Amino acid sequence: MNPPKVILWIIWVSILLAVVSFRVFLGEKNPTEEPLDAGIVMVSSFLLFGSLIIRTLILPKRAHNPLPLFVAGTGLAEAFVFVGIFLIPYCKDLFLAMSIACITSYNPVFIKVPRQATGR
């Protein structure tokens with residue numbers, strides 16, 4: 001059974017609002033400047049790259065039920081915000097912007113959902 005697009009829209013909007021809410025409620029007001037740890041940035045970049053690979057290479061070829069890949073891809077982009085908030089708080093706004101840009105690519109308008117067969 002394939003999910004209708006309404007379910008994809010609800011998940012997409014809720015994850016987008018959750019990302020912004022995490023930044024507002026969990027982020028510090030004025031973080032102190034600290035040296036950027038390149039290792040953490042490179043490892044956390046795999047979250048965004050993994051999400052974009054799912055969106056651009058795997059999800060368009062999925063002929064049936066895009067919901068698991070949709071949730072996995074948006075979840076990877078959402079996890080990127082947590083890295084910015086907890087591990088690199090000085091750059092949390094940059095991590096938020098990059099995560100929102102990645103989640104925006106999952107807009108359900110561009111995701112093809114096969115129509116469900118009616119059993120008449």
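Here is a run of questions and answers about this predicted model.

User: How many helices and how many strands does the protein have?
Analyst: Let's start with the fold as a whole. Going from the N terminus, the elements run α-α-α-α. The secondary structure comes to 4 helices and 0 strands.

User: What box do the C-alpha atoms fill, and what share of the residues is buried?
Analyst: Taken along the principal axes, the box for the C-alpha atoms is roughly 65 × 25 × 15 Å. The protein has 120 residues, and to count as buried one of them has to be under 20% relative accessible area. The buried share comes to 37%.

User: Among contacts between residues at least 6 apart in sequence, what share joins residues at least 24 apart?
Analyst: This one is about how far along the chain the contacts reach. Starting from contacts between residues at least 6 apart, we keep those that join residues at least 24 apart. That share is 83%.

User: How much of the exposed area do carbon and sulfur atoms supply?
Analyst: In total, the protein exposes about 7500 Å². Of that area, the part supplied by carbon and sulfur atoms is 70%.

User: How many aromatic pairs are there, and which kind is the one between Trp-9 and Trp-12?
Analyst: The count for the structure is 5 aromatic pairs. For Trp-9 and Trp-12, the ring centres sit 5.6 Å apart and the planes meet at 90°. An angle over 60 degrees is the cut-off that matters here, so the Trp-9 and Trp-12 pair is edge-to-face.

User: Where do Trp-9 and Trp-12 sit relative to each other along the chain?
Analyst: Both belong to helix H1, which covers residues 5–26. They are 3 residues apart there, so the separation is about one helical turn.

User: Is Trp-12 buried or exposed?
Analyst: Its partner Trp-9 has 32% relative accessibility, so Trp-9 counts as partly exposed. Trp-12 has 9%, and the cut-off to apply is under 20%. Trp-12 is therefore buried.

User: What kind of pair do Phe-22 and Phe-82 form?
Analyst: The two rings are 4.8 Å apart centre to centre, with 40° between the planes. Stacked pairs need planes under 30 degrees apart and edge-to-face pairs need over 60. With 40° between its planes, the Phe-22 and Phe-82 pair is tilted.

User: Which helices does the pair of Phe-22 and Phe-82 link, and how many residues apart are they?
Analyst: This pair links distant parts of the chain. Phe-22 is in helix H1 and Phe-82 is in helix H3, residues 67–87. Along the sequence, Phe-22 and Phe-82 are 60 residues apart.

User: Which residues do ring pairs link into a cluster with Phe-22?
Analyst: Phe-22 is partly exposed, with a relative accessible area of 25%, and Phe-82 is partly exposed as well, at 28%. Ring pairs link Phe-22 into a cluster with Phe-82 and Phe-86.

User: Which residues form the salt bridge?
Analyst: Side chains of opposite charge can pair when their charged atoms come close. The structure holds 1 salt bridge, and its closest N and O atoms are 2.8 Å apart. The partners are Arg-23 and Asp-93.

User: How many residues apart are Arg-23 and Asp-93, and which helices are they in?
Analyst: At 17% relative accessibility Arg-23 counts as buried, while Asp-93 at 45% counts as partly exposed. They are 70 residues apart, so the pair links distant parts of the chain. Arg-23 is in helix H1 and Asp-93 is in helix H4, residues 92–104.

User: Which backbone oxygen lies 3.1 Å from a polar atom of the side chain of Ser-44?
Analyst: Ser-44 lies in helix H2, residues 38–58, and is buried, with a relative accessible area of 4%. Leaving out residues up to four places away in sequence, Ser-44 touches Phe-80, Val-83 and Phe-95. The oxygen asked about belongs to Val-41.

User: What relative accessibility does Ser-51 have?
Analyst: Ser-51 is another residue in helix H2. Its contacts, not counting residues up to four places away in sequence, include Gly-73, Leu-76 and Tyr-106. Ser-51 counts as buried, with a relative accessibility of 0%.

User: What is the area of the nonpolar surface patch that includes Phe-46?
Analyst: Phe-46 is found in helix H2 and is exposed, with a relative accessible area of 60%. Other members of the patch include Val-43, Phe-49 and Leu-52. The patch area is about 700 Å².

Key: Residues are numbered from 1 along each chain as its sequence is written. This is a predicted model: local features need pLDDT of at least 70, side-chain atom pairs count only at pLDDT 80 or more; totals for chains, interfaces and linings use all residues. Side-chain values use heavy atoms; hydrogens and water are left out. Rings of Phe, Tyr and Trp (its six-membered ring) pair if their centres lie within 6.5 Å; planes under 30 degrees apart count as stacked, over 60 as edge-to-face and the rest as tilted. Helices (H or I, at least four residues) and strands (E, at least two) are DSSP runs, numbered from the N terminus. Buried means under 20% relative accessible area, exposed over 50%, partly exposed in between (1.4 Å probe, protein chains only). A polar contact is a pair of N or O atoms within 3.5 Å; within protein, one must be able to donate a hydrogen and the other to accept it, and residues adjacent in sequence count only if both atoms are side-chain atoms. Contact means heavy atoms within 4.5 Å. Patches are made of residues with over 30% relative accessible area and no salt bridge: like charges are joined within 9 Å, nonpolar side chains (Val, Leu, Ile, Met, Phe, Trp, Tyr) within 5 Å. Accessible areas come from the Shrake-Rupley method with a 1.4 Å probe; for residues, only the protein chains shown count as cover. A salt bridge is a side-chain nitrogen of Lys or Arg within 4 Å of a carboxyl oxygen of Asp or Glu.
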